[in-house]
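Dear colleague,

Please find below the structure that I am handing over to you. A summary of what was found in it follows.

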Amino acid sequence: NINSSGRFGRAANFVNTKSRNYNNIRDAMLSGKHFALMMPIFTDEEYKLQRNLNLPAINYLDLTGDTVKFSVSEPATINVFGQKGLLKYSFSGVTGISIPFTPEDTYLRFAAIFADGVILYTNPLVRFNGKQIAFQTLASVNYPLTIVQFLLISTLLAVSLRFFWIILRKMVTQRMT
């Protein structure tokens, strides 16, 4: 809501690009060369101004072999998330980390939480062999269970409607007599 001063200007997406040219920005976004930054609601307007002028940044995010190195410009709690959003690692009060990118990992995503509540989110690092992205198992439909559930719900609905119809008929019959 642009009219809410407490909510306006609290999130930003930073893009690593050569210029402000549309094609460069689009290419950088599509290749994952950007990160998001969330700001808490600061009550001290002077601090808010100073913080906006001195935002944290990513120093580097590097994958060499099976090792991922991630560094930010000031101390933070760095959380690393893997498949299904599960927390894999958490490091407090650090500016950089080095972790393994194991063959079981399909992707890793980083969140750096700074002391004043500012949070920096990266795009996921996705395991890619040059031909196909390693996806985690997709959801599947259990058809027999789905049919049983549908039949049970339908039966319950039919019995409930029949029950209310009988009660309604009795009430109408009693009023008429």
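**Helix 3 and its surroundings**

Asn142 caps the N-terminal end of helix 3, where one of its side-chain oxygens lies 3.2 Å from the backbone nitrogen of Leu145. Please bear in mind throughout that this is a predicted model.

Helix 3 itself covers residues 143-176. It is made of 34 residues, and the distance from its first C-alpha to its last is 49 Å, close to the 50 Å expected at 1.5 Å a residue. Phe150 belongs to this helix, and with a relative accessible area of 57% it is exposed. Phe150 is also one of the residues that form a nonpolar surface patch of about 580 Å², together with Val141, Tyr143, Ile147 and Leu151.

**Salt bridges**

Side chains of opposite charge can pair when their charged atoms come close. In this structure there are four salt bridges, and I describe several of them here.

One salt bridge joins the side chains of Arg51 and Glu74, with a distance of 2.8 Å from N to O. This pair links distant parts of the chain, since Arg51 is in helix 2 (residues 45-53) and Glu74 is in strand 4 (residues 67-81), 23 residues apart. Are the two partners buried or exposed? Arg51 has a relative accessibility of 7% and therefore counts as buried, the limit being under 20%. Glu74, at 23%, counts as partly exposed.

A further salt bridge is formed by Asp105 and Lys88, whose closest N and O atoms are 2.8 Å apart. Asp105 is in the loop between strand 5 (87-100) and strand 6 (107-114), while Lys88 is in strand 5, so the pair ties together parts that are 17 residues apart in sequence. Asp105 is buried, with a relative accessible area of 2%, whereas Lys88 is partly exposed, with a value of 35%.

Which residues are joined into one network by salt bridges that share partners? They are Arg51, Glu74 and Asp116.

**Helix 1 and the contacts of Arg26**

The side chains of Arg26 and Asp27 also meet in a salt bridge, at 3.2 Å from N to O. Arg26 counts as partly exposed, with a relative accessibility of 34%, and Asp27 counts as partly exposed as well, at 39%.

Arg26 has a second partner to consider: a polar contact of 3.3 Å joins its side chain to that of Asn23. Asn23 is found in helix 1, which comprises residues 22-30. The relative accessible area of Asn23 is 37%, so this residue is partly exposed.

**A loop residue with positive phi**

Finally, I would draw your attention to Lys84, which is placed in the loop between strand 4 and strand 5. The phi angle of Lys84 is near 60°, a positive value in a residue other than glycine. Lys84 has a relative accessible area of 70% and is therefore exposed, as the limit for that class is over 50%.

Yours sincerely

Definitions and conventions. Residues numbered from 1 in each chain as written. Predicted model: local features only at pLDDT ≥ 70, side-chain atom pairs only at ≥ 80, totals over all residues. Heavy atoms only, no water. Patch = residues over 30% accessible without salt bridge, like charges linked within 9 Å, V, L, I, M, F, W, Y side chains within 5 Å. Areas by Shrake-Rupley, 256 points an atom, 1.4 Å probe, with all protein chains shown as cover. Helix = DSSP H or I, 4+ residues; strand = E, 2+ residues; numbered from the N terminus. Buried < 20%, exposed > 50% of the residue type's maximum accessible area, 1.4 Å probe, protein only. Expected span 1.5 Å × (residues − 1). Polar contact = N/O pair within 3.5 Å; in protein donor to acceptor, adjacent residues only side chain to side chain.
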